[in-house]
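Me: Hi! Could you walk me through this fold? I'd like to start with the sheets and then poke at a few single residues.

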Amino acid sequence: MKEPGPAHPITITPHPGPVRVRLEGRVIAETRRALELREAGYAPVLYIPREDIAAGVLVPNPRRSFCPFKGEAFYFDLPAGGASGAAAAWSYENPFPAVARIRGHVAFYPDRVEAIEA
């Protein structure tokens with residue numbers, strides 16, 4: 001486990017406005033409680049509370065990955081998205097303490113959904 005710091009900063013802040021995720025013309029997630037995670041030189045990522053995602057949209061995928069700063073990532077398929085919906089979303093079910101605020105939240109790959117409106 002690595003701690004964020006000056007060489008690899010990570011900040012998590014409330015996103016100031018509404019966020020909608022669209023797939024195949026349908027809103028699959030909508031919230032005013034998104035968290036914005038900024039990590040080192042990466043693009044910001046919006047994490048949406050799981051309860052603000054439409055029921056039945058996320059199907060667990062066996063894929064896993066590991067981030068030394070956040071922990072083990074779990075992936076989800078979006079069957080309505082066809083082939084591009086495979087492993088289209090992820091979450092950290094047990095994130096490391098430095099990023100514990102993203103527990104219970106899910107992020108979507110922008111290129112695997114129709115749109116992330118923020």
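What follows is a chat about the sheets, the largest pocket and some loop residues of this predicted model.

Me: Let's start with the seven-strand sheet. What is the strand order, and is it open or closed?

Reply: The seven strands make an open sheet, ordered E1-E4-E5-E9-E8-E7-E6, with antiparallel pairing.

Me: Which strands stand at the edges?

Reply: Those are E1, covering 10-14, and E6. Each has a single partner strand, so one side of each is left without a neighbour in the sheet.

Me: And how many degrees does the twist average there?

Reply: From one strand to the next, the twist averages 30°.

Me: Can we zoom in on one pair? How many bridges join E8 to E9?

Reply: Two bridges join them, and the strands run antiparallel. On E9, Phe108 is the bridge partner of Ala89.

Me: OK, new topic: the three-strand sheet. In what order do its strands come?

Reply: The order is E3-E2-E10, again an open sheet with antiparallel pairing. The edges are taken by E3 (26-31) and E10 (115-117); each has a single partner strand, so one side of each has no neighbour in the sheet. The twist averages 15° from one strand to the next.

Me: How many bridges does E2 have with each of its partners?

Reply: With E10, strand E2 (residues 19-23) has three bridges. With E3, it pairs over five bridges. Both pairings are antiparallel.

Me: What does Arg20 pair with on either strand?

Reply: On the E10 strand, Arg20 stands opposite Glu117. On the E3 strand, its bridge partner is Glu30. Further along E2, Arg22 has Ala115 in E10 as a bridge partner.

Me: Which E2 side chains are buried, and which are not?

Reply: They alternate along the strand. Val19, Val21 and Leu23 point to one face and are buried, whereas Arg20 and Arg22 point to the other face and are not.

Me: What about the turn between E2 and E3: how many residues does it have?

Reply: The hairpin has two residues between the strands, and Glu24 takes a positive phi near 55° there.

Me: Which other non-glycine residues have a positive phi?

Reply: Two to look at are Ala40, at about 40°, and Ala87, at about 50°. As background, most residues other than glycine have a negative phi.

Me: Where do those two lie, and are they buried or exposed?

Reply: Ala40 is in the loop between E4 and E5, and its relative accessibility of 40% makes it partly exposed. Ala87 is in the loop between E7 and E8, the latter spanning 89-91. With a relative accessible area of 7%, Ala87 is buried.

Me: Switching to pockets. How much space lies in the largest one?

Reply: About 430 Å³. It is lined by 23 residues, and the closest to its centre are Glu39, Tyr42, Val45, Lys70 and Trp90.

Me: Which elements give two or more residues to that lining?

Reply: Those are the strands E4 (35-39), E5 (45-49), E6 (59-67) and E7 (71-77).

Me: And how does the lining split by class?

Reply: There are 19 nonpolar, two polar and two charged residues.

Me: Nice. Back to loops: where does Val113 lie, and what does it touch?

Reply: Val113 lies in the loop between E9 (105-108) and E10. Leaving out residues up to four places away in sequence, Val113 touches Val21, Arg22, Leu23, Leu78 and Phe108. Val21 and Leu23 are on the buried face of E2, while Arg22 points to the other face.

Me: Why does Val113 count as buried?

Reply: Because its relative accessible area is 9%, and the cut-off for buried is under 20%.

Me: Last one: what about Ala34?

Reply: Ala34 lies in the loop between E3 and E4. At 1% relative accessibility, Ala34 is buried too. Again leaving out residues up to four places away in sequence, Ala34 touches Thr13, Pro14, His15, Val19, Tyr47 and Pro49. Val59, by contrast, is 25 residues from Ala34 in sequence and 21 Å away in space, C-alpha to C-alpha.

Technical notes: Residues numbered from 1 in each chain as written. Predicted model: local features only at pLDDT ≥ 70, side-chain atom pairs only at ≥ 80, totals over all residues. Heavy atoms only, no water. Pairing = 2+ DSSP bridges. Helix = DSSP H or I, 4+ residues; strand = E, 2+ residues; numbered from the N terminus. Axes fitted to C-alpha atoms, helices over the stretch in contact; angles between N-to-C directions. 1 Å grid on protein atoms, 1.4 Å probe; cavity = no way out; pocket = protein on both sides within 12 Å on 5 of 7 lines; lining within 4 Å. Points joined across faces, edges and corners; volume = space filled by probe spheres on them. Nonpolar A, V, L, I, M, F, W, Y, C, P; charged D, E, K, R; others polar. Buried < 20%, exposed > 50% of the residue type's maximum accessible area, 1.4 Å probe, protein only. Contact = heavy atoms within 4.5 Å.
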